[in-house]
Amino acid sequence: MTSTLPPPERAGLARARISARTLRTDRWWVAPLLTTLGLTAFLVYGLVRALQQDHYWAADHGYLTPFYSPCIAAQCAPEAAHFGRLPFEFPWWLPYAAISLPFLLLFRFTCYYYRKAYYRSIWQAPTACAVREPHKRYTGESRFPMIGQNLHRYFFYIALVISVVNTYDAVLALFHGEQGGFGIGLGNLVLLGNVVLLWCYTLSCHSCRHVFGGRVNSFGRSPVRYWLWTQITRLNTRHMTFAWITLATLVITDLYVALVASGTVSDPRIFN
Amino acid sequence: MTKRTFNVWRGDGGAGALAAYEVEVNEGEVVLDVLHRLQATQAPDLAVRWNCKAGKCGSCSMEINGRPRLACMARMSTFAPDEAVTVTPMRTFPVIRDLVCDVSYNYQKAREIPSFTPPPDAKPGDFRMRQADVQRMQEFRKCIECFLCQNVCHVIRDHEENKESFSGPRFLMRVAELEMHPEDTADRRAIAQDEFGLGYCNITKCCTEVCPENIKITDNALIPLKERVADRKYDPLVWLGSRIGLRKGADTPLPPNTRTTTATPEQ
Amino acid sequence: MSETTRHNYDVVVIGAGGAGLRAAIEARQQGRKTAIISKSLFGKAHTVMAEGGAAAALGNVNSSDSWQVHFRDTIRGGKFMNDPRMAELHAKEAPERILELEHWGALFDRTRDGRISQRNFGGHEYPRLAHVGDRTGLELIRTLQQRVVQLQQADAAELGHPEAMLRVFAETTVTELLTDASGRIAGAFGYVRETGEFVVFEAPAVVLATGGIGKSFKVTSNSWEYTGDGHALALRAGATLINMEFVQFHPTGMVWPPSVKGILVTESVRGDGGVLRNSEGERFMFGYVPDVFRNQYAETEEEADGWYADPANHRRPPELLPRDEVARAINNEVKEGRGSPHGGVFLDVSTRMPAEEIMRRLPSMHHQFKELADVDITAGPMEVGPTCHYVMGGVEVDADTGAARVPGLFAAGEVAGGMHGSNRLGGNSLSDLLVFGRRCGIGAARYLDGLAGERPAPAAADVERLAEEVAAPLRRDTGENPYQLHQELQQTMNDLVGIIRRGPEMEQALESLEKLRERVASVRAEGGTAYNPGWHLALDLRNMLAVSEAIARAALTREESRGGHTRDDFPAMSPQWRRTVLAARLAGDRVELERRPLDAMRPDLLALFDREELSKYLTEEELPPAEGADTASKEEK
Ligand SMILES: Cc1cc2nc3c(=O)[nH]c(=O)nc-3n(C[C@H](O)[C@H](O)[C@H](O)COP(=O)(O)OP(=O)(O)OC[C@H]3O[C@@H](n4cnc5c(N)ncnc54)[C@H](O)[C@@H]3O)c2cc1C
Ligand code: SF4
Ligand code: SF4
Ligand code: FES
Ligand code: FES
C-alpha cells in the first residue's frame, strides 16, 4: 500500500512528551531477568550434556536420557539404540540424538510461549509492558527470518513423534528389573513423570489446539472436535507452566540418568 | 480522610509537565474520584474523559503510576499509604489536553475491517447457533474499547511509524471474532497479515495484561488468528493448491476507499 | 472566539446511543445524508451500561409468549398511563428488531436448540429478555456501531468516501436547536468539546436521542451525559414534554463505598434467583405485594422458590415486582430501621447458586463488586438501595413517526415520553430504542419528502447570539463554580423531589430552583475552550435546571401516587388522574403545564385485561360492558 492514513490525528497534536522510559514503580525488571537466567541455565546445561557423549545410558536399568533419544550414532551403546544406529561415528560436536534435538529446539524456539519469553527478556521487545524498548525499528514477525515462526505447527507434528519415542524409551525401561522382566525403580518414576509432563506440554501447544478444534467455526456441528478443543484449551491455559516445568524435569531426568549411569548414585528399587 | 500527593500531567499539543497537587482522599475512592475532586476544588479545567464510572464504557483510560488502567477501577486502597500517585495520558496517542487523548487511530482501524458478511440468501431469524458456537466470540465482544491494549502494545507505542501498517490487538481481535463466526462468509486471513499487520505482533501479551475486561486477547484471539493465517499463507498444500488453481474461496480485499479516499467527506 | 464551521445534512441525529444509532441507520437506509452527534466518543453512549437485556416476545423459551402478553405486561407495569399506540407498536415490532440485530452480527446467548435465549425480568410474565450475559447494552451499541461502519464501507465503495452519507461527530455537544421564522426546525448549534470550536448543522429534520436526566439527582445510576439536554432543547424549540413527574428509581443501586453510591446492580440478579433480605434476615418483599398484583405473586418462600424451575405451576417471587414497588419497599425497610449497615438492604445470590454459576451468569456484577467494593458476591450478600435510574417522561411524540409538536423535530429513546407510562419495565428500554429509533428514521425521511426539497433556513443572527451565550461563562471574571452549583441542584432534587414526595417540599424545591437559576445565569468557568469540563458543566446546568423545574412542577401538580411518582400526601392511585397527561412547555423562561386527555385504549387491546383488573385503574365510565370483557379474557387463555 502506498497510502497513508488520512492525517489520523489532527494537525498540531502530538503525544505527551514524557522522557522517562517508564513511570512504573514496581520491579518490572525482575521477571525478564529471571527468564534470561532460566533460559541460559538450561541452554548451557543442555549444550554441555549433549556434547558430552557419555553417561546417557544406565545399562542396568535401561534408563536412556531424553537428551540422547533416539540414540543413532554408531558409537551408541547398542541396547540404548532403540531405533537402530547409523553406520558412521559422530564427531565430537554432533550430539548422538542429532535427529531429534534440532527439532525439539526449533519446536521450543518457535513455541508461542517461549517466543514471548525471549522476545521480552533477551530481545527486549519490550522488556516489560509500558516500558520503552531500546530498538530503533521494529517489524516483529512480519519479515524474513522471523516470519519463519509461522512454521511452528510443523515442528509440533515432529514433536508429537518425538514424544512417542520418549514414551517408548520410558516404557522399555520398565522391563529392566533386577531379576529381569518388569521392575520399577526411582529412575522409572522420573522417566515416566518426565514423559507425562512432556505430553502435557506438547498437547497444550497452541498449534495443537488449532488443528484439533480451533480451526472449526461451528462447534455446534462438530461435537467431537469441540470436546477435543475444550480439553486442549484447559491444558493450554497452563502452557507456560508446562514450558517451565518440562525444562526442569528434562534437566532432572537427564541428571538422574547421568548420575546412575556414571555410578555416582545407585537407583533405589521399588519393585524388582 | 487523608491527604495524598497526586502528580497529574497537564498540557496540550505535546507540551506539558507533571503538576503536583495535595488532595483529599476518602475511604473506598478510586483515582477518578480524586481527579473529580481536583476539578471541583483546585483545577476546574482539568480535562478527563469519563462516562460510566463503573468500568463499562472504556472512556477513562490513562496511565497510573506508569501502568495503563481505567481510572474508575483503580482503587486508592491499592497504593501504599505514602505513595505519590502519578497520572499521565496514554502515551501512544496524541494528547488533546491533560489526560484526554485523540484516539481516532482506533476508529480509522475499525473502519478498515470487512464487516460481518452473512450468506447472501440468509434472512433475519434464520441463524441457528449453539451457545458453544458463540461463546468463543462473546469473550471478544466483552471489549469496552478502552484502547488500553492499543496503548500498551509496543509495536505502535514505541514505533509511531508502524501505525500505518498495524491495526493493534483490539482490531486484530475483531478480525479473529469475525473469522470465527459460524455464519460469516468472508475470508479476512490474507488481509489480516498483509494489511492489518498481524505479523508485527510478537505475542508478548502486554495487551492481555492490561485488558480491564480480562479478555485473553493473545491466547484466544491473536494466536488462533496467527494459526488461521498460517493455514492460509504458510501451508505448502494450500500454496500449491492456489498455484494450480485448486483453492476454493477468495480472499476478501480491504474495503475500497477506507484507507485512502477518492472524495471529500461531504460532497 | 473561534470561528464557526457549517455542515449541511438531511437528517441530524443528536445522540449516539441505541435510539440515535438506530435512527441514523434507518435515515441512511432511506437514502438521506445523515449526521450523528454525540457528547462522548462513538460507542460510549449510556446504552453501553444497560445490563439485563432487551424485551421482545420472541417466544423462544416459552412459546406461550406473544406481543399481546408483552403489551399487557407493559401496560400493567406503567399502571395504565402508557400511550397505548406506542406500547402496541413496541410489543409488535420488538422481535423483528432483535432478529435484525442478530443479522448484523450481534451474538445473544442461545437456547439449546440454537435460538436466542430469553431471561426472566421484573414485571414480564414470561422469560422475554434477549441478553448477552449481563452486558446486553454493550452488545447492542457495538452491533449498531458496526452496522454504521458497514454502511460507511458501502458508501466508500460507491461514493469514494466512507463519510459521504453517514458521519459521526463525536465529542460534540448541541446547545440549541435552530428554527426558521415559522418555527420549523432548521438545524442545530453546538460546540466541539475537544477544541471549543462552534458548529452549525443545517438540516430540515433533527432527531433527538439524547437519553435521560439522572444527573439532576445526587444518587443515580446515570453518567455525566444525562443532563437532560434533549428534554431542554425540545422545550426551548417550542416542543412539549409529557409525564415528567414519573422518574424511575431503580431498587438496587450500590450504597457503599460512597464514591460509587448509585451505580446499578442489575435486575438480573433477582431474575436469576437473588433475594432481598433486611437486617433481621427476613425476605421482606412478601409483605409489600400491592392489591393490584396480589394474585400474580407468591405468598410463601416455597412457592416463590419453586417458580424459577417451574414457572407454570408457581407464582412469581415478589422480588420481581415492578421496580417502583420494590424501590418503595426498600425505602420503607430502611426508614423503619431494618436496613443494612450502610443504609440499604441485603441482596443475596451467594446462598442461592453455586459460585461458578454466579460467575457465568453475572460476570460483570461479580467484577463490579469485587473491584469497587471489595465484596465477593459468590460468598456474601450485596448491600443495595434505590437509585435514580430512568425518566419515563419526555418529548411528546406521535407514536407512528416519532414526530414532536415542532415540524421537523423527532425524538426516540429515553428522551421521548409516553411509551412507558408511569413506570418502565426492565428490558423495555432497549427494545424501545430500536423500535422507535427506526420509526424516527423513517418519520424524518417522510417529512423530508413532504418538504419536497425546500430547506428551512436558520436566522444568521440566532447563530451569533448563541455563540455569545455559550462563550459567556468563560468571559466572566466573577461568578460561582459550576461544580458547586451542580451539587446543590442534585441535593435539592434528591431531598425534595426524590422517591417519596410531599407537596410543601416540592414547593420548597421550586423556590430553591428559582434561586439557583439566577446563580447559574452568572456562573463562571475558568480556563480555555479546549476540552474544559468546567465550562461544559456550566453550559449543561441550564438544561438540568429546566428539566428539574419541569419534574418538580409536574410532580407537585399530580395529586396521586402512581408508578414512578409517589406522594406521601396523596398515597392512592386515582382513576381520574389516570386520564390526565401533564404536558410541560416553556413560557418565557418558566415551565408551564397543560393538561391533556390520555388516549383511550382500543377495545381489542382493552379486551386483553379482565374487567376486575381494569376496574382497579379505570373510571366506571371507561370500563367495557361486563360480558364483553369476560369473553375476551377467555379467548386470550
Ligand atoms: C446502569 C443502567 C442499566 C440499564 N439496564 C437496562 C436494561 O437492562 N434493559 C433496558 O432495556 N434498559 C436498561 N437501561 C436503560 C437504557 O440503557 C437507557 O434508557 C437507554 O440506553 C437510553 O438510550 P438512548 O439511545 O435513549 O440514549 P443514550 O444511549 O443514553 O445516548 C444518549 C446520547 O446522546 C448524546 N447526547 C446527549 N446530550 C447531547 C447533546 N447536548 N449534544 C450531543 N449529543 C448529546 C450522548 O452523548 C449519547 O450519545 C439501563 C440504564 C442504566 C443507566
Ligand atoms: S501480544 Fe501482540 S498485540 Fe498484544 S501487546 Fe504484544 S505485540 Fe501487541
Ligand atoms: S480488548 Fe480489552 S484492553 Fe483492548 S480495548 Fe477491549 S477492553 Fe480495552
Ligand atoms: S509448543 Fe508452545 S505453543 Fe506450541
Ligand atoms: S468511566 Fe467508564 S470505564 Fe471508567
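## Thr65 of chain A

In which loop of chain A does Thr65(A) lie? In this predicted model, Thr65(A) sits in the loop between β2 (63-64) and α2 (101-109). The residue is buried, because its relative accessible area is 0%, and the cut-off for burial is under 20%.

The side chain of Thr65(A) makes a polar contact with that of Asp254(A), at 2.6 Å. Asp254(A) also appears in the contact list of Thr65(A), together with Arg49(A), Tyr56(A) and Val257(A). That list leaves aside neighbours within four places in sequence.

## Chain B overall

Chain B holds ten helices and seven strands. Its C-alpha atoms fill a box of roughly 70 × 40 × 40 Å along the principal axes. Of its 267 residues, 71% are buried. Among contacts with a sequence separation of 6 or more in chain B, 64% involve residues 24 or more positions apart.

The exposed area of chain B is about 8600 Å². Carbon and sulfur atoms supply 52% of that area. Chain B carries 36 positive and 37 negative side chains. The centres of these two sets lie 3 Å apart.

## Helix α3 of chain B

Helix α3(B) covers residues 131-141. Nine of its eleven residues are buried, and the helix is mostly covered. Charged residues are among the buried ones: Asp133(B), Arg136(B), Glu139(B) and Arg141(B). The buried set also includes Ala132(B), Val134(B), Met137(B), Gln138(B) and Phe140(B).

What covers these buried residues? The cover includes elements of chains A, B and C. From chain A come α6 (206-214) and α7 (223-236). Chain B itself supplies α6 (169-180) and α9 (217-233). From chain C comes α4 (136-159).

## Cys211 of chain B

Cys211(B) is placed in the loop between α8 (206-210) and α9 of chain B. Is Cys211(B) buried or exposed? Cys211(B) counts as buried, because its relative accessibility is 11% and the limit is under 20%. Met180(B) is 31 residues away from Cys211(B) along the chain. The C-alpha atoms of the two residues are separated by 21 Å.

## Chain C overall

Chain C contains 19 helices and 20 strands. Its radius of gyration is 24 Å, close to the 26 Å that the globule rule gives for 637 residues, so chain C is as compact as a globular protein of that length. The C-alpha trace spans about 70 × 55 × 55 Å along its principal axes.

Buried residues account for 68% of the 637 residues in chain C. Contacts between residues at least 6 apart in sequence join residues at least 24 apart in 73% of cases. Chain C exposes about 20200 Å², and carbon and sulfur atoms supply 48% of this. The chain has 73 positive and 94 negative charges. The mean positions of the two sets are 1 Å apart.

## Helix α2 of chain C

How many of the eleven residues of α2(C) are buried? Nine are, so this helix, residues 67-77, is largely enclosed by the rest of the structure. The buried residues include Val69(C), Phe71(C) and Ile75(C). Arg72(C), Asp73(C) and Arg76(C) are buried too. His70(C), Thr74(C) and Gly77(C) complete the set.

Lys79(C) follows α2(C). Its phi is positive, near 55 degrees.

How values were computed:
Residues numbered from 1 in each chain as written. Chains lettered and ligands numbered in written order. Predicted model: local features only at pLDDT ≥ 70, side-chain atom pairs only at ≥ 80, totals over all residues. Heavy atoms only, no water. Helix = DSSP H or I, 4+ residues; strand = E, 2+ residues; numbered from the N terminus. Rg over C-alpha atoms; globule rule 2.2 N^0.38 Å. Buried < 20%, exposed > 50% of the residue type's maximum accessible area, 1.4 Å probe, protein only. Contact = heavy atoms within 4.5 Å. Areas by Shrake-Rupley, 256 points an atom, 1.4 Å probe, with all protein chains shown as cover. Lys, Arg positive; Asp, Glu negative; His and termini not counted. Charge placed at Lys NZ, Arg CZ, Asp CG, Glu CD. Polar contact = N/O pair within 3.5 Å; in protein donor to acceptor, adjacent residues only side chain to side chain.
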